[in-house]
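Colleague: Please walk me through this model with one part of it in close focus, and set that part in the context of the whole chain. I would like each term explained as you go, since I work at the bench rather than with coordinates.

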Amino acid sequence: MQEGGSKVLDNGKISSKQFALLVTVFTIGSSILYIPSFIASEAKQDAWLSSIMGVALGLLIISLYHRVGTMFPNMTLVQYSEKILGKWFGKLLSVLFCIHFYLLSGLVLRNIGDYLITLLLPQTPIQAVHILSLCIIIMGARLGIETVARMAELLFPILILFYLMAMIGLIPEVELIKLQPVFENGFKPILRGIIPYVGSPSLELVVFLMIIPFMNRTDSVKKSFLTGGLMGGISLTIPLFYCLTVLGPELTAANTFASFTVTKKINIGDFYQRIDVVIAGVAFICVYFKATLCFYASLLGLAQTFHLKDYRFLSYPMGMILIVFSIVAYPNSSYAASFFKDTWMPYAATFGLFLPLLLWVVAAVRKKYVQ
């Protein structure tokens, strides 16, 4: 590491390809479970248009993150926050970002629990699912970003195989008539449909401002970031399209886990069926990486903010607190859906848009760092 990056507390290095893959699986994350329902509830049969526009807007947000992240390519977000805003304001902002990453990891962990308990393991206590999931999340965070990136690279072909098995199997079930009439309620519902996609996952990609310093080629950050965001966006839009054309907009909006439900419709020759477990595998892999990256970013950020020698010893106590938080965060999936629709967007925009924009503007006003 160059000067300014010596205190990252993790000597791992990742390639541009690995960075793009991490962005892709993070973007898919828990969004593949909830996004079809949330967008369809706003835009109905035009939800696919909302998703496409959301992907485009997400790429603009990624461009902002690139500008912010490459001001100090060898520093993490919490390190250059202090450099730009000064010691006290910078530390305050760093702590807030760490809390945000930590809370996000807890919410994603709860997504894992709700998903598995609701659809696959209804008789299993949710605490058991959280504990087992957190064990591998802690393991990944302690092993470091390089190990996590290599595991993403190893599992990505399996992820693609599972994804294609589900998407190709749905082709015979498509009924394009269910997308009509286009623009039935005008343009406003389509614009409202963009909000869920921007709220999650686009604004959550701010986590990668903690990952950029570990790239072995910082000159390829923009290309890798945009590529990963585009691949993830397409991977979310295709299941949404199938949900609309197979289930219909009303059933998609009413079903919290529409992307899982739609795969139950696959039946080719009474042989190629019961593929719903495949999309469950896709979701679990992507949600795992999302939770691990958020948890890792929170640990690393706290250690750097308070100048600790290592971040790993924080993993166990913070992990135990995370289990409690993930259980008490909200009582049920219905409450979670209401929270996401009404509260999540302004909260996510604070940390994913306004604060990064503040850092970039302040640095520009001081006529430093921004080229």
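Modeller: A compact globule of 371 residues would have a radius of gyration near 21 Å, and the protein has 20 Å, which agrees; this radius is taken over C-alpha atoms, and the globule rule is 2.2 Å times the number of residues to the power 0.38. This is a predicted model, in which local features need pLDDT of at least 70 and side-chain atom pairs count only at pLDDT 80 or more, while totals for chains, interfaces and linings use all residues. Residues are numbered from 1 along each chain as its sequence is written, and side-chain values use heavy atoms, with hydrogens and water left out.

The C-alpha atoms fill a box of roughly 60 × 45 × 35 Å along the principal axes, and the protein has 14 helices and two strands, which are DSSP runs numbered from the N terminus (H or I of at least four residues for helices, E of at least two for strands). Of the 371 residues, 57% count as buried, where buried means under 20% relative accessible area, exposed over 50% and partly exposed in between, with a 1.4 Å probe and protein chains only. Counting contacts (heavy atoms within 4.5 Å) between residues at least 6 apart in sequence, 83% join residues at least 24 apart. The protein exposes about 15700 Å², of which carbon and sulfur atoms supply 67%; the areas come from the Shrake-Rupley method with a 1.4 Å probe, and for residues only the protein chains shown count as cover.

The part I would look at closely is the set of aromatic rings around phenylalanine 38, which forms a pair with phenylalanine 340. The structure holds 22 aromatic pairs. The phenylalanine 38 and phenylalanine 340 pair is stacked, with 4.6 Å from centre to centre and 15 degrees between the planes. Rings of Phe, Tyr and Trp (its six-membered ring) pair if their centres lie within 6.5 Å, and planes under 30 degrees apart count as stacked, over 60 as edge-to-face and the rest as tilted. This pair links distant parts of the chain, since phenylalanine 38 sits in helix H2 and phenylalanine 340 in helix H14, 302 residues apart. Both phenylalanine 38 and phenylalanine 340 are buried, and ring pairs join them with Tyr34, Tyr115, Phe257 and Phe260 into a cluster.

Helix H14 (333–365) also appears in the cover of another helix: together with H3, helix H5 (87–119) and helix H12 (276–305), it is included in what covers the buried residues of H4. In helix H4 itself (residues 77–85), the buried residues are Leu77, Val78, Gln79, Tyr80, Ser81 and Ile84. An α-helix has 3.6 residues a turn, so residues three or four places apart point the same way. Just after H4, glycine 86 takes a positive phi of about 95 degrees.

Following the chain on from H2 (31–43), one reaches lysine 44 in the loop between that helix and H3; its phi is near 55 degrees, a positive value in a residue other than glycine, and at 35% relative accessibility it counts as partly exposed. In H3 (residues 47–69) lies histidine 66, which is buried at a relative accessible area of 17% and, leaving aside its neighbours within four places in sequence, is in contact with Val221 and Lys222. Glutamine 304, found in helix H12, counts as buried at 7% relative accessibility.

Elsewhere, the loop between helix H7 (145–169) and helix H8 (188–199) holds proline 181, whose peptide bond from glutamine 180 is cis, with omega near -5 degrees. That loop is also the place of phenylalanine 183, which has a positive phi of about 60 degrees although it is not a glycine and is partly exposed, with a relative accessible area of 43%. A cis bond also joins serine 200 and proline 201, with omega about 25 degrees, and proline 201 belongs to the loop between H8 and helix H9 (221–247).
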